[in-house]
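Thanks for coming. I'd like to walk you through one model today. Here it is on the screen.

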Amino acid sequence: MTSALRIALQKSGRLSEDSYQLFKECGIRFDYGTGKLRSVSSNFPAEFLFLRDDDIPGYVEDGVADLGIVGENVAVETGRSVNTIHKLGFSKCRLSIAIPRGTEWSGIQDLTGKSIATSYPTLLGNYLKGAGVNADIHEISGSVEIAPGIGLAEAVCDIVSSGSTLLSNGLQEVETIFRSEAILIANPELDADKQTLVDKLLFRIKAVQAAKNNKYIVLNAPNHAIGQITSLLPGMRSPTVTPLATEGWSSVHSVLNENEFWENIEAIRAAGAEGILVIPIEKMIY
């Protein structure tokens, strides 16, 4: 496996399932399950290592792994010398400051002289320094939310997805200091052979991501409205227009970005389109 990529993945937790699903959608097969520490792909030159998320940047920096998938927050917090080569778009969250519910809040300056519990002292320290706030940072791992309740700190700074954990511990989110998502990191000194494999992997990842962000649209349109309708459906190059058996009508095939979907669909219907089909795309290659 000397020419294969070694890829470090989180062995359990928030990122692990999404990371495995990404490789599955890229057509890369390997065994994955609780208790596994290592797995070799059966159809792509890659070996997977299952590690604690905090350890992944260090393994990649040291060259034990060539690539790794981690939260951007972890990569920045650890400060390891790795290259961020692609943002993956899943496991999005935010690092936020929270205080006990009912406590008045007028801005970040309210934390001056206060104690804050966090597992992210570097990110928090940098943010406070940039805001000119001098506060006492207590570094703890796990169960950060209970710190105010037991008198350890007057505020917390922790990862937030839905905010339900904060609410259940009597806290209110007041300031977002960092936004994060899963990223693909790489050792800065990959050789040419491994860089070629990385490029092949990125090609697959980008095709999967593009497919998720777009829908395939098929519709029937009166010929007099085709110009207006196709202007709303740019497609990958241009829409495909095929005459129907019914005189004066054509079938239009195109691709529409998810972010523009509902607004454009309403305009397309108003222009006279009928029988609109919206189909998921498995892969999309430009």
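**From the C-terminal end inwards**

Start with residues 211-283. The C-alpha atoms at the two ends of this span lie 5 Å apart. Helix makes up 25% of the span and strand 40%. Keep in mind that this is a predicted model. The UniProt record, an unreviewed entry, lists 211-283 as "domain: Histidine biosynthesis HisG C-terminal".

Now the sheet. Four strands form an open, antiparallel sheet, in the order β13-β14-β12-β15. At the edges sit β13, residues 240-243, and β15, residues 274-280, each pairing on one side only. On average, neighbouring strands here are turned by 20° against each other, direction ignored.

Look at one pair in detail. Strand β12, residues 214-222, runs antiparallel to β15, and five bridges join the two. Which residue in β15 does Ile217 stand opposite? Val278.

Further along the chain, Lys283 and Glu282 form a salt bridge, with their closest N and O atoms 3.2 Å apart. Glu282 is exposed, at 63% relative accessibility. Lys283 is partly exposed, at 35%.

Next, residues 52-206. UniProt gives this stretch as "domain: ATP phosphoribosyltransferase catalytic", again in an unreviewed entry. Its end C-alpha atoms are 26 Å apart. The span is 29% helix and 30% strand.

One salt bridge to find here is Glu61 with Arg80, at 2.8 Å, N to O. Glu61 sits in helix α2, residues 56-62, and Arg80 in the loop between α3 (72-78) and β5 (83-87), so the pair ties together parts 19 residues apart in sequence. Both partners are partly exposed: Glu61 at 25%, Arg80 at 39%.

There is a nonpolar surface patch too. Ile146, Ile150 and Leu152 make it, and it covers about 260 Å². Ile146 belongs to the loop between β8 (136-139) and β9 (155-160). Its relative accessibility is 40%, so Ile146 counts as partly exposed.

Last stop, salt bridges again. How many does the structure hold? It holds 11. One of them joins the side chains of Arg6 and Glu47, at 3.1 Å, N to O. Why does that pair matter for the layout? Arg6 is in strand β1 (residues 5-10) and Glu47 in strand β3 (residues 46-51), so the bridge ties together parts 41 residues apart in sequence.

Is Glu47 buried or exposed? Buried, because its relative accessibility is 4%, and the cut-off for buried is under 20%. Arg6 is partly exposed, at 34%. Arg38 joins in as well: Arg6, Arg38 and Glu47 are linked in a salt-bridge network.

Key. Residues are numbered from 1 along each chain as its sequence is written. This is a predicted model: local features need pLDDT of at least 70, side-chain atom pairs count only at pLDDT 80 or more; totals for chains, interfaces and linings use all residues. Side-chain values use heavy atoms; hydrogens and water are left out. UniProt positions are given in the numbering used here, feature names are shortened, and annotations may be inferred rather than shown by experiment. Two strands pair if DSSP finds at least two bridges between them. Axes are lines fitted to C-alpha atoms, for helices over the stretch in contact, and angles run from 0 to 180 degrees between N-to-C directions. Patches are made of residues with over 30% relative accessible area and no salt bridge: like charges are joined within 9 Å, nonpolar side chains (Val, Leu, Ile, Met, Phe, Trp, Tyr) within 5 Å. Accessible areas come from the Shrake-Rupley method with a 1.4 Å probe; for residues, only the protein chains shown count as cover. A salt bridge is a side-chain nitrogen of Lys or Arg within 4 Å of a carboxyl oxygen of Asp or Glu. Buried means under 20% relative accessible area, exposed over 50%, partly exposed in between (1.4 Å probe, protein chains only).
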